[in-house]
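Colleague: I'm new to reading protein models. Could you walk me through one, feature by feature?

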Amino acid sequence: MEEDLIKRLEAAVTRLEGISSNGGGVVSVSRGGDFSIDDDVASSDPSILAYDDLISQCVGRALTAAEKIGGVVLDVTKVVAEAFASQKELLVRIKQTQKPDLAGLAGFLKPLNDVTMKANAMTEGKRSDFFNHLKAASDSLSALAWIAFTGKDCGMSMPIAHVEESWQMAEFYNNKVLVEYRNKDADHVEWAKALKELYVPGLRDYVKSQYPLGPVWNASGKPATATAPAKGPPGAPAPPPAPLFSSESSKPSSSSNQKQGMSAVFQQLSSGAVTSGLRKVTDDMKTKNRTDRSGAVSAIEKETRASKPAFSKTGPPKMELQMGRKWAVENQIGKKDLVISECDSKQSVYIFGCKDSVLQIQGKVNNITIDKCTKMGVVFTDVVAAFEIVNCNNVEVQCQGSAPTVSVDNTTGCQLYLNKDSLETAITTAKSSEINVMVPGATPDGDWVEHALPQQYNHVFTEGKFETTPVSHSGA
């Protein structure tokens, strides 16, 4: 099995290297592993020819650098080349295929997803000496998911932004390679530079010039299900919904009939026929005169009301992973045991409209945002980009790992706890008050030390410019 895979990868590399010399058709990997493509589309369409140039120049450069290193670095670079070849086949098929639904799109993109999973598998298990190479290459392949963009409501960033954001996550490990081998081995430095230029500016500029709004499907082409992996026969169509009104009631009534109907109602009210069957309310039935009822609320009634779950007026509670990239935690009221345990550095967390709740995020995520929350507590481990607090009141945040940036905007009352690994965090505040930061003491057993961030400043015009200093307060 492994020998067959190696042979297929070597064949892919050979064909990729031959593109620049023979100028032939487009290389692509079909589902069965064979190379097949529509030569007419591949040789005439400008977008496919531009992708040819991207592969021959950028992918070829990365492969050349990887061959000098060898080992797992060459193996993972071959997988990157296979992923780009697989995407080329999909781009050609898109030009001949109708836009599928969500389920059909998943089947259509399965060949590319399989190659991506192959790269991810190389980073698992015992950590290799070239772990940073493997992570940089495997994480970078998420940029190829731009091809799944179907519109602004699909839950993804725009294609150009998606490529840039995906590379930013991979660049964390790519920079580690550059730092480690900067003065040790030029081949590794060349590989890291080639990998970066493959995506930025390579793939980014390609998407910007050819598909800035996502792939363009062929409205008159064949259905995507004809080429996507089979998933069994489609189910029977759902029966049409029953009519809301009967045939008689659905007929529009004339204005004269409406007037007659309303006249009849008022006539009955004036005649007393409608109220003739109602019982008369005597004085002893009135609440103010009843001795068994009082205006005081009993303790049992209070407990009953308190036990009822509270819901936000803005919408129902939500805690779900959307499109595999964004955790949405919304409208949680009085929940102290919210936990996100299955997350990775490619995902973001968005917390909105929560009150009197606590959320624990176990693992590294790309970024975390708290928006319009009150009395909300968040405990997290690590973030790759930033932790943002916007439009909130009385929030508490505890960082157990590292966070490059914490920004607080338009917020009143924020208690931030930093551990010893996050003391270098850059904290930015704007239009906020009552911002306190707790840091560990000088000794492991020491008490936490609280620092209040200034919210008022003095501005003095001196020597042609303003000098700004924070206002310090001292107790009497």
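**Reading the model step by step**

Modeller: Happy to! Let's start with the outside: the accessible surface of the protein chain comes to about 28,100 Å², and 52% of that belongs to carbon and sulfur atoms. Keep in mind that this is a predicted model.

Colleague: Which share of the residues counts as buried?

Modeller: Of the 476 residues in the protein chain, 38% count as buried. The chain has 11 helices and 16 strands. You can also look at how contacts bridge the sequence: among those between residues at least 6 apart, 39% join residues at least 24 apart.

Colleague: Now helices. How do I describe two that sit together?

Modeller: The general idea is that two packed helices are described by the angle between their axes and the distance between the axes. Take helix α7 (residues 131–140) and helix α8 (residues 159–181): their axes come within 8 Å and cross at roughly 160 degrees.

Colleague: Are α7 and α8 roughly parallel or antiparallel?

Modeller: Angles over 145 degrees count as roughly antiparallel, so α7 and α8 are roughly antiparallel to each other. Their crossing is left-handed. By class, the contact of α7 with α8 has seven nonpolar, five polar and four charged residues.

Colleague: Which residues in α7 and α8 meet?

Modeller: On the α7 side, look for F131, N132, H133, K135, A136, D139 and S140. Their partners in α8 include W167, Y173 and Y181.

Colleague: What about α4 and α7: at what angle do their axes cross?

Modeller: The axes of helix α4 (residues 71–94) and α7 cross at roughly 0 degrees and come within 10 Å. Angles under 35 degrees count as roughly parallel, and α4 and α7 are therefore roughly parallel to each other.

Colleague: And which residues of α4 and α7 meet there?

Modeller: V72, V73, V76 and V80 in α4 meet H133, L134 and A137 in α7. Sorted by class, the residues of this contact are six nonpolar, one polar and no charged. Here's a handy rule for reading such lists: an α-helix has 3.6 residues a turn, so residues three or four places apart point the same way.

Colleague: How many residues of α7 are buried?

Modeller: 10 of its 10 residues are buried, so you can call α7 mostly covered. Among them are K135 and D139. The buried residues of α7 pack against α4, α6 (110–121), α8 and α9 (186–210).

Colleague: You mentioned α9. What should I look at there?

Modeller: Check the peptide bonds. The one from V200 to P201 is cis, with omega near 15 degrees, and P201 has its place in helix α9.

Colleague: Which residues have a positive phi although they are not glycines?

Modeller: M323 is one, with a phi of about 55 degrees, and you'll find M323 in the loop between β1 (318–322) and β2 (326–330). N410 is another, with a phi of about 50 degrees; N410 lies in the loop between β10 (405–409) and β11 (412–417).

Colleague: How covered are they?

Modeller: M323 is partly exposed, with a relative accessible area of 46%. N410 is also partly exposed, at 37%.

Colleague: One last loop, please. Where does Q456 lie?

Modeller: Q456 lies in the loop between β14 (449–452) and β15 (457–462). With a relative accessible area of 44%, Q456 is partly exposed. Now compare sequence with space: Q456 and V471 are 15 residues apart along the chain, and their C-alpha atoms are separated by 5.5 Å.

Note on methods:
Residues are numbered from 1 along each chain as its sequence is written. This is a predicted model: local features need pLDDT of at least 70, side-chain atom pairs count only at pLDDT 80 or more; totals for chains, interfaces and linings use all residues. Side-chain values use heavy atoms; hydrogens and water are left out. Axes are lines fitted to C-alpha atoms, for helices over the stretch in contact, and angles run from 0 to 180 degrees between N-to-C directions. Helices (H or I, at least four residues) and strands (E, at least two) are DSSP runs, numbered from the N terminus. Angles under 35 degrees count as roughly parallel, over 145 as roughly antiparallel, 65 to 115 as roughly perpendicular and the rest as oblique. A crossing is left-handed if the near helix is turned anticlockwise from the far one by less than a right angle, and right-handed if clockwise. Contact means heavy atoms within 4.5 Å. Ala, Val, Leu, Ile, Met, Phe, Trp, Tyr, Cys and Pro count as nonpolar, Asp, Glu, Lys and Arg as charged, and the others, Gly among them, as polar. Buried means under 20% relative accessible area, exposed over 50%, partly exposed in between (1.4 Å probe, protein chains only). Accessible areas come from the Shrake-Rupley method with a 1.4 Å probe; for residues, only the protein chains shown count as cover.
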